[in-house]
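Ready for a few short exercises? Have a look at the structure below, try each task yourself, and then walk through the solution.

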Amino acid sequence: MSTVLGIDIGGSGVKGAPVDLAKGEFSEERFRIDTPEESTPENVAEVVGQIVDHFAKTIGDGPVGITIPAPVRHGVVPMIANLHESWKGLEAEKFFTKKLGRPITLVNDADAAGVAEVQYGAAKGTEGVVILTTLGTGIGTAVINDGILLPNTELGHIEVDGKDAETRAAHSVKERKDLSYKEWAERLQRYYETMEMLFWPDLFVVGGGVSKKSEKFLPLLELNTPIVPAKLLNSAGIVGAAWLADQRKH
């Protein structure tokens, strides 16, 4: 297995690192640049190019995996929330391939994190359906069955008790309403038991920054499905993007 560059485009920062795909770990220290204030595709591509140049000696002319906080359907970004509106409808994978002069694989950020957890992290070796949920500003999701990704799921928006799930159960809601972990866990309970009923998964993996404190809320949940914290934390998106870019060549 090789070393492939993964890049994670976020609303506040663009981060990248070469990933040793034998281990699922960064082979060099991560490099970060602030996301341009006017986050148009042109401006973001310039920053991504700087990150590619920074690691040029390591990656040669190899492929690059890039995550974006949006759905990606056959290389096209159909909608956008956290970046400039001009991304909407862009053939972004072709755009980056042309700009950077190398093969690009573009993927939704939660999907990349889910793939990384299945290949290297908390879900490694799990057969069947794994659902990763990232509990943050909203609820991001990735669904993977026997290693195969079902891309662009938005299961943070399923309706639970007549409300959009993430408006009641995201970590940002806990913070904003100053909920105790016990109070928040009651909301998470309804979310995860609804997900169980709809998908019958074999494992839930919980990501997002709050997963570092998983011992404060995961034991309060009573589910039929095992639920575990993510292992790769902030590196998951970059690792997953690199793995998917490598798979594309085979």
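## Exercise 1: Aromatic rings

Ring pairs join Trp-87, Phe-95 and Phe-96 into a cluster. Keep in mind throughout that this is a predicted model.

**Task.** Classify the ring pair of Trp-184 and Phe-217 as stacked, tilted or edge-to-face, and place both residues in the chain.

**Solution.**
1. Start with the search of the whole structure, which finds eight aromatic pairs.
2. For Trp-184 and Phe-217, the ring centres are 4.9 Å apart and the planes stand at 55°.
3. Stacked planes are under 30 degrees apart and edge-to-face planes over 60, so with 55° the pair is tilted.
4. Now locate the partners: Trp-184 belongs to helix H7 (residues 181-199), while Phe-217 is in the loop between strand E12 (203-207) and strand E13 (227-229).
5. With their positions 33 residues apart, the pair links distant parts of the chain.
6. Finally, check exposure: both Trp-184 and Phe-217 are buried.

## Exercise 2: A charge and a ring

**Task.** Find which ring the charged end of Lys-174 sits over.

**Solution.** The ring is that of Tyr-181, and the charged end of Lys-174 is 4.2 Å from its centre.

## Exercise 3: Two pockets

**Task.** Describe the largest pocket and the second largest pocket by volume, lining and residue class.

**Solution.**
1. Take the largest pocket to begin with: it holds about 1400 Å³ of space.
2. Its lining has 47 residues, and Pro-69, Asn-82, Asp-109, Thr-134 and Thr-137 lie nearest the centre.
3. Sorted by class, that lining has 16 nonpolar, 22 polar and nine charged residues.
4. Elements that each supply at least two lining residues include strand E1 (3-9), strand E7 (129-135) and helix H8 (236-249). Helix H4 gives the most, with four residues.
5. Turn to the second largest pocket, with about 390 Å³ of space.
6. This pocket is lined by 19 residues, of which Thr-105, Val-107, Leu-149, Pro-151 and Leu-244 lie nearest its centre.
7. Two or more of the lining residues come from each of strand E6 (104-108), H4, strand E9 (148-150) and H8.
8. By class, the lining of the second largest pocket divides into nine nonpolar, seven polar and three charged residues.

## Exercise 4: One asparagine

**Task.** Decide whether Asn-108 is buried or exposed, and find a backbone atom that lies 3.1 Å from its side chain.

**Solution.**
1. Asn-108 is part of strand E6.
2. The relative accessible area of Asn-108 is 8%, and buried means under 20%, so Asn-108 is buried.
3. A polar atom of the Asn-108 side chain lies 3.1 Å from the backbone nitrogen of Asp-111.

Key
Residues numbered from 1 in each chain as written. Predicted model: local features only at pLDDT ≥ 70, side-chain atom pairs only at ≥ 80, totals over all residues. Heavy atoms only, no water. Phe/Tyr/Trp six-rings, centres within 6.5 Å; stacked < 30°, edge-to-face > 60°. Buried < 20%, exposed > 50% of the residue type's maximum accessible area, 1.4 Å probe, protein only. Lys NZ or Arg CZ within 6 Å of the ring centre and 35° of its normal. 1 Å grid on protein atoms, 1.4 Å probe; cavity = no way out; pocket = protein on both sides within 12 Å on 5 of 7 lines; lining within 4 Å. Points joined across faces, edges and corners; volume = space filled by probe spheres on them. Nonpolar A, V, L, I, M, F, W, Y, C, P; charged D, E, K, R; others polar. Polar contact = N/O pair within 3.5 Å; in protein donor to acceptor, adjacent residues only side chain to side chain.
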